[in-house]
Amino acid sequence: MAITDKNTKHKVKTKEAFRKAFIKKVEEVSGEDFSESTTRHQYEALAELVMEEITAEWAVNNSRLHKMEEKQIYFFSIEFLIGRLLKAYVNNLGWDTMVEETLDELGVDYEAIQAEEHDPALGNGGLGRLMACFLDSTAALGFPGHGNGIRYKYGLFEQKIINDEQVEVADIWLKNGYPFEIVKPDKAVVVKYNGDVRVEEVNGKMQFIHENYDPVLAVPYDIPVKGYRNNTVNSLRLWSAKPVEDFDLSTFNQGHFLKAMQRKSEAESISQILYPSDHGFEGKLLRLKQEYFFVCAGLKRIVRRYKKHNHGSMDGFPDKICIHINDTHPALCVPELMRILVDEEGYDWDVAWDMTIKSISFTNHTVLPEALEKWPIDMVQKLLPRVYQIIEEINRRFINDMNWFYPDQVDRNYSMAILKDGQVHMAHLAIIGSHSVNGVAELHSKILREETFKDFYAVFPDRFTSVTNGVTQRRFMMGSNPGLKTLLDDTIGTDWKKPGNMCSLEALLPYAQDAAFCQKLGDIKHANKERLAKYIKETQGIVLNPDSIFDVQVKRIHEYKRQLLNILHVILTYNQLRSNPNADIVPKTYIFAGKAAPSYVYAKEVIRLINVVADRVNNDPLVKDKLKVVFVPNFNVSVAELIYPAAEISEQISTAGKEASGTGNMKFMMNGALTLGTMDGANVEIAEAVGMDNVFTFGLSDTEVYNYNTHGGYRSLEVYESDSRLQEILGQLISGFFGESAGFQMIYDSLLLHNDTYFVLKDFAPYVDIQDIVSNVYRDQKQWQKMSAINIAHSGIFSSDRSIEDYEKRVWKVK
Ligand code: NBY
């Protein structure tokens, strides 16, 4: 039974009807009287009710979309970090009040029900979460846009901290089933690996026949993406790998039991696990298989459906379909679409190429050289023989054209090749095969144009554009900070909540001067801090002082993000308190969270340092409640939703020029935290939006970093030698100050022996200074709340609704 929509036959619109339906459903799923039901039963029941309602709308939607009247967007991404869905669905359906009140009356704990949902960790961080925000906004704005990715059996590892160190535990998210997906075995397709290509001439045309391949079945699982209080329901399609025949019977019957089993597990291994690295390229065969897997399966279904509704013709495909590739992991879309058009549909190469470029657009998410994907040519050639031939032909034609147009620039032309130095350069493939290439913040896009992809920009200036990232306010503000949502509603009305309308939060600006409003804003923050403190007390046994500043850095652990700079400053504060326990300092709580890639030894050392410092500081009676340090384990979307609303300082301290955009910075801002950051990524645009008086910026600019890196001139040792604070702190890292076994030689060496690649020491003094300014401003609570209000008021442009509208205008042109 479904609830609400008066046009469907399903109706449980009123609280009373919902109450009845809920009780009945709980009894159905548990087989017990309602009074005997567990939280798990209640969760399953509510999830089912929600799905019944949404799938009814979904069916109506799909039949409309299948007619292909509107242009459709497909996000191809190797990660979708969607977070828990139950509450988001309830809110998007407009059921929130009904559900909250009814459950309350029934004495059922809604929060506990929500906590039953295993948070799917099908992404590493920013890149995967961005896709989830984009899906939410696309549906909220009523655009037909869908996700296409992989249904990993194991998501990102669960992080435990044992003896101060990160320990990785498998994330068995499907253990108890997942109620929000629908498997569609009838829509499974075959993906072909390895084998040979035979060429045959048929009616004067070359035919390329892929033979002796290893087939793998791709089975789609669809998750509905429900728009906010509208009738749009889009889809996130995640593919799972299965052997073509569940069990290779003939091999088995011949007595090759192990071999038969091996075939099965080889096939299944493709969607077994998410690669846990967020910025390091892993040139593993399995990863390449994953990339082709969801590209091939996704395109196949899109093409089939398109043809079915267009009398078998692909002619109008680029006018109706946008294939948006999220970083280079799906860049094989370029040769695969070419393969379909040329080999299967019989188009001439030039026509097919034109169609391909028109269909595909590409977003880059990083300028870190270690993240750029380059596959060994022989690996691609062996695994994907026909696709490789097509890449070769794309490359050959590209270099030919370039040498024709720029005969005096042969070196530059060759440097832009897709195939060179024995490798397939995926970014080059993506740029050459797309009509649009964008960075994710103004500064990042500028760096792409002027440095990373400078030569491509010279050749294709019109292809390059910029779309600043955004985040969904529906999850990260309205959903996770109900106190703030209500205050905003009461103050400026409810219009700001309409999709695409978040900039109307600017109506709040006059209230930044209003003492009563600021007081309320402060009270809400305090309550959110208490909520987080309670969680930390319960899960870690650490007691926080909710009157201290909550200074938060939560994100993946990476050298360029410089958690190290933050913790070095904490050690400084600790040293100051030890030498003067009665110093009049503003109490601070430093909260860290984030995962390190399991093979990233240095990042794991940083985690250990943070935890070691936390142990020492939190247990030193001298410090009292003036300083606390917490590392919250297992940072994921649901932990994030607790943390952002409680934050007062948002630490965004990456080395300038390294963080493409950042999206945590936007989530903090929406919740009224003030940014303490470098002029990097989207911090620049946050500063621009709120004015320099309402952010705390410090440190080297991207140009200064660039100049040091290209012309030299930075000596970390000199900085060290001229700063006695650094001498003391770095000495403590290796002297056993934090305990006998707690030496940090690797970190010490990176800073002094290897000249501090990320300019931690260089930015240390300015960072200390800005932290002092933060403390002073905090003493004036009126001023602080005013700044907080101004930040919230200007956060509308960082809604992913705005990003999607920008993509629509600049890239997809759906309307
Ligand atoms: O994408 C992040 C950027 O660092 C961040 O600044 C930006 O806001 C965000 C959204 O645009 N990039 C990111 O998260 N990258 C990855 O997660 C990632 C994952 C895997 C690989 C590379 C990057 N890989 O090579 O396997």
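**Exercise 1. Find which residues Lys667 is in contact with, leaving aside its neighbours within four places in sequence, and describe its setting.**

Solution. Start with the contacts: beyond four places in sequence, Lys667 is in contact with Val471, Phe476 and Tyr644. Here two residues are in contact if their C-beta atoms, placed from the backbone, lie within 7 Å. A word on the model before going on: it is a predicted one, in which local features need pLDDT of at least 70 and side-chain atom pairs count only at pLDDT 80 or more, while totals for chains, interfaces and linings use all residues. Residues are numbered from 1 along each chain as its sequence is written.

Next, locate the residue: Lys667 sits in helix H25 (residues 664-670). Helices (H or I, at least four residues) and strands (E, at least two) are DSSP runs, numbered from the N terminus. Then count neighbours: Lys667 is buried, because 29 other C-beta atoms lie within 10 Å. The cut-offs are 20 or more other C-beta atoms within 10 Å for buried, 12 or fewer for exposed, and partly exposed in between, with C-beta atoms placed from the backbone.

Finally, check the record: in an unreviewed entry, UniProt lists Lys667 as "modified residue: N6-(pyridoxal phosphate)lysine". UniProt positions are given in the numbering used here, feature names are shortened, and annotations may be inferred rather than shown by experiment.

**Exercise 2. Work out how helix H6 and helix H33 cross, and which residues make the contact.**

Solution. First, take the axes: those of H6 (residues 126-140) and H33 (residues 800-812) come within 8 Å and cross at roughly 75°. Axes are lines fitted to C-alpha atoms, for helices over the stretch in contact, and angles run from 0 to 180 degrees between N-to-C directions. Second, name the arrangement: the crossing makes H6 roughly perpendicular to H33. Angles of 65 to 115 degrees count as roughly perpendicular, under 35 as roughly parallel, over 145 as roughly antiparallel and the rest as oblique.

Third, list the partners: H6 brings Cys133, Phe134, Asp136, Ser137, Thr138 and Ala140, and H33 brings Ser800, Asp801, Ser803 and Ile804. Fourth, sort them: the residues of this contact divide into four nonpolar, four polar and two charged. Ala, Val, Leu, Ile, Met, Phe, Trp, Tyr, Cys and Pro count as nonpolar, Asp, Glu, Lys and Arg as charged, and the others, Gly among them, as polar.

**Exercise 3. Say whether Val554 is buried or exposed, and what it touches.**

Solution. Begin with the element: Val554 lies in strand E18 (residues 549-554). Now count: with 21 C-beta neighbours inside 10 Å, Val554 counts as buried. Not counting residues up to four places away in sequence, Val554 touches Phe592, Ala593, Gly594, Phe635, Ala640, Ile643 and Gly664. For a distance along and across the fold, Val554 and Ile591 are 37 residues apart in sequence and 7.6 Å apart in space, C-alpha to C-alpha.

**Exercise 4. Identify the buried residues of helix H17 and the elements they pack against.**

Solution. In H17 (residues 442-452), the buried residues are Leu443, His444, Ser445, Ile447 and Leu448. Their packing partners are two strands and two helices: E16 (436-439), E17 (464-466), H26 (683-690) and H27 (702-711).

**Exercise 5. Compare the backbone and surroundings of Asn212 and Asp421.**

Solution. Look at phi first. Asn212 has a positive phi of about 55° although it is not a glycine, and phi of Asp421 is near 55°, again a positive value in a residue other than glycine. Then place them: Asn212 is in the loop between strand E8 (205-211) and strand E9 (214-226), whereas Asp421 is in the loop between strand E14 (419-420) and E15. Last, count neighbours inside 10 Å: Asn212 has 11 C-beta neighbours and counts as exposed, and Asp421, with 9, counts as exposed.

**Exercise 6. Place Glu117 and decide whether it is buried or exposed.**

Solution. The loop between helix H5 (110-115) and H6 holds Glu117. With 21 C-beta neighbours inside 10 Å, Glu117 counts as buried. Leaving aside neighbours within four places in sequence, its contacts are Tyr43, Arg84 and Leu86.
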